[in-house]
Amino acid sequence: MRNKMMVELYLGETLGWLDVSEDGRQAVADSGGGVVISRTDGYAGTMDLVLASPDGRYAPRNPRSPYFGLLGRNTPIRFGLLEFTDDFQRTVASGWGTGWTSFGAGGTVSPTDSFVSGGQAQHSVPVANAFRTNYYIGRTFRDCEVRFTFDTVVGNGAGAPIEPGNVILRGQSDGTYYLARVELATSGQVLVSLHHSSGQIAGPVAVPGATAAGQPFNVAASVVGDRLAVTVWDPAAGAEPRDWLLTATDTRLSAPGYVGIRSGVAFGNTDTKPVRFFYDNLRVIDRRAHMEVSEWPPRWNRAGTDTWVPLQASGILRRLNQGAKPLDSALYRSLSRAAPSAYWPLEDPAGSLAARSAVDGIPPMTTFGFSRFTAPGTGDPVPAANLPVFGSGDGIPGSGPVVDLAQGGVLQATLPYSPLANWRIEWVMTFPRDKPESVIPIEWRTDGTWAQWQFQVSSFGIIATFGDPATGVNDGSASVAMNLFDGLPHHFRVQSFDVAGVVDARIFVDGLEVDQYATFAGAMTGTGGSVTRVIVNPLEVRQDEAASESMPILGHVAVWNPPGPLTNTYEAMTGHLGELAADRIERLCSEQGVPVAVTRGPDASAPMGAQRPAAFLELLRECADADGGILGEAREQLALTYLCLGTLYNQTPLELDYTHLAPVLEPVDDDDLVRNDVTVSRPDGGSARAVQESGPLSVQPPPRGVGTYDTSVTVNVASDAQLRDQAGWRLHLGTWEEARYPTARVNLAAPLWETAPDLAAHVTAVADGDVIELGGLPEWLPPGPVLSMVRGSVERVDEFERTVEWTWLPAGPYTVGRAGGEPRVCADGSTLAADLAEGATSFQLASTPGNGKWTTDPTDFPLEVRVGGERVTLSAITGTGLTQTATVAARGVNGITRAWPAGTEVDVWVPAVAAL
């Protein structure tokens, strides 16, 4: 069967996605040909292909090229296989023709509500609150992209929306499917949303710049793995956008299913009935890669009769890995995105003479090298407070080094006039432990009724005052009894709102409200104004004064005039300590503008330690390492993917037979993955060690074990309490006793796959992290079935051939115990108490006092056990002591049956292991 290969380049908003398939070398020639796609989890995928380049068509610097100025570094490219097309070039009075079936609801459903005429498939919906649907049942699709053109006889829904071009994906039945919905609203807006048949998943969102006025639209919808996507565009107004408009994840439907088109008219619609819907140019594509081309090397033969460009495109991870600059601190990233009126991070490097402003148009905080005060009685100037020492204040997890006020120094900044009332000011401080001298680390001025606001901290706690700086008289305060001299960072927020002639000003510490300001006479009648000036260390405490020992490190002063939405600054101050790995990956990608699809399992991902100053990709990999999941790339969009560890547990495998594989399958029984002495530590924290003391892969010298294979890793988890489990899980992976099959290959051009289209759909959808169960192994190999997890692949496609070669690791370690699940607690030390003959239907079990006797509860049976290398099904176990009788229901379940001597190890077939 010929592979219909599609190669497209994105060449800007005017041309959009340009089909260059005709230039793709599909067959291997002297200049190359075909497509090779390689993927390894955690690293950038690659795609090698060759484009014929007549007259230097794909030479970026060739001004004769029609694409001159459009080809460049990291040009998006996508590759797929065209699986099904229908241009509806036929006439069918009832239905859409061979391979199509229809159904509907609302009004009288007639077979002629679906028909083909004039080169278009059509739906006729006779009433409001009704729909009509056509499925293509000629074959099923698992991962696919469906695209077509739709049109209506009305510009938009009158009275209520109409729904043209709804795309059905993985349809299992009339009532079970995914749906990409397109809606023409009464306003003319074009809206898209994603649904499971039981309810909405994501959206709706409006198609930017699109207004329905009776013109055709193009729609594309995709499902790959658990990822759904949709986009819509007006081809007369512009080319297809580079990216999907709406994406989401959902795990409810994974089996191959039908694709279809649904047309609907909402309840309350007053358009003339029937409403007609028109469809053409249907394409179903198996999207295999979406990458970027970083270079365009021209090549030609000596005679100059053949010119071509061998391309190696790369996944998005390649580009993300180019920059090694650490990201800004968590606090900076949080506050700079909160649109403050003024913000001074105070993270300036050592030796700085001013504190830079993080808001355009706002001046830096400047330093004082002189004193504003005079000595009492003499009038002589007191010594200056020195210059601030930048980069000296460590210990705020979500920040770089800030200013240590114990070393003296004064900073001040003036804010531009704001005509808007109400304000908020935030900052972060860490006071030294057990040094409770009264100090005023910060002061701000306003143009309201009370111009001076000071924040004093003492052994009592907080005494925050407001008053007139000209007289030095305080008119009121807020006070909080709390110990801040604890050596820990704290976040402070003060905000003021004018409410009916009264100022409502409140203090928050670490995200919690702790007190409200009041005048000494009661209510604060007046106006709060806006913040006009901020002074750090307003009393100019010098390094040589006793009070300096109580001064804090201070940073991240931010002002809002007026207050905007509240920020989660406290969590940012902690470096998002305790944030789940999956949540951190999503947050970091959102902050960086990098699309990501995170698949979560039944268990929460690992709680993370404080976010360190590191490069973006390093932080993502740190999350994946702590959680044990898989960081990868989507193949249908330029996006990252992350599979949480919980999604890898106890998977339903894809079942393949040995005959499905192409030669050659070779097991390996080596020590490459052995790690039997594991130490795990935490940055600035403790460590834990796990050692395999007994068994065939233990640290015991051969032949009782294999000797010591030690390793040490550092994981950024939230607490030392997690380290023991981290070490134990890594030890579990490193001591899994099983032969492994490093690679396996399928040839999808082989005749057997033509008779198994559903299985072929599953095979081509296999991605990193999926589990394959291989059965039917020949007798010279260890008995199966073998469970393997895919951790990489190489796909080769040319005009007639298509192979996929997987990299496998044992999947057995990911079978973990669940309440009521199949895995059972392992029976360490249990053996046969007497010889077991080949045809015996019962045997004696001997258990150890430490592990106890086997279950006799009838509800626990049938029970699968391993006797030596034989799988045996038990129907019952009797006896109350450590020697019990097992009744056999089946011998040789795995194809092995033989006699076993007394002392042979007996265990459950799938021992339960605790999840990480």
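**Exercise 1. Find what share of the protein's contacts with a separation of 6 or more comes from residues 24 or more positions apart.**

Step 1: A contact means heavy atoms within 4.5 Å.
Step 2: Take the contacts with a separation of 6 or more; residues 24 or more positions apart account for 67% of them.

Before you go on, remember that this is a predicted model, where local features need pLDDT of at least 70, side-chain atom pairs count only at pLDDT 80 or more, and totals for chains, interfaces and linings use all residues. Residues are numbered from 1 along each chain as its sequence is written, and side-chain values use heavy atoms, with hydrogens and water left out.

**Exercise 2. Describe the protein as a whole: its span, its secondary structure and its buried share.**

Step 1: The C-alpha trace spans about 105 × 80 × 70 Å along its principal axes.
Step 2: Count the elements and you get nine helices and 56 strands. Helices (H or I, at least four residues) and strands (E, at least two) are DSSP runs, numbered from the N terminus.
Step 3: Of the 916 residues, 52% count as buried. Buried means under 20% relative accessible area, exposed over 50%, and partly exposed in between (1.4 Å probe, protein chains only).

**Exercise 3. Work out how helices α5 and α6 pack.**

Step 1: Two packed helices are described by the angle between their axes and the distance between the axes.
Step 2: For α5 (residues 581-592) and α6 (residues 616-627), the axes come within 9 Å and cross at roughly 165°. That makes α5 roughly antiparallel to α6. Angles under 35 degrees count as roughly parallel, over 145 as roughly antiparallel, 65 to 115 as roughly perpendicular and the rest as oblique. The axes are lines fitted to C-alpha atoms, for helices over the stretch in contact, with angles running from 0 to 180 degrees between N-to-C directions.
Step 3: Now for the residues. From α5 come Ala581, Arg584, Ile585, Leu588, Cys589 and Gln592, and they meet Phe616, Leu619, Leu620, Cys623 and Asp627 of α6.
Step 4: Sorted by class, this contact has eight nonpolar, one polar and two charged residues. Here Ala, Val, Leu, Ile, Met, Phe, Trp, Tyr, Cys and Pro count as nonpolar, Asp, Glu, Lys and Arg as charged, and the others, Gly among them, as polar.

**Exercise 4. Explain why cysteine 589 has no bond to the closest cysteine sulfur.**

Step 1: A disulfide is a covalent bond between the sulfur atoms of two cysteines. The cut-off here is a pair of cysteine sulfur atoms within 2.5 Å.
Step 2: The closest cysteine sulfur to that of cysteine 589 is in cysteine 623, and because it is 9.2 Å away, it is too far for a bond.
Step 3: Search the whole structure and you find zero disulfides.
Step 4: As for surroundings, cysteine 589 is buried, with a relative accessible area of 1%.

**Exercise 5. Place valine 293 and list what it touches.**

Step 1: Valine 293 sits in strand β19 and counts as buried, at 0% relative accessibility.
Step 2: Skip neighbours within four places in sequence, and valine 293 contacts Gly72, Arg73, Asn74, Thr75, Ile77, Leu311 and Ala313.
Step 3: Take arginine 73: its C-alpha atom is 6.3 Å from that of valine 293, though the two are 220 residues apart along the chain.

**Exercise 6. Find what the buried residues of helix α9 pack against.**

Step 1: In α9 (residues 757-765), the buried residues are Leu759, Ala760, Ala761, Val763, Thr764 and Ala765.
Step 2: Those residues pack against β19 (275-293), β41 (654-657), β45 (743-747) and β48 (802-810).
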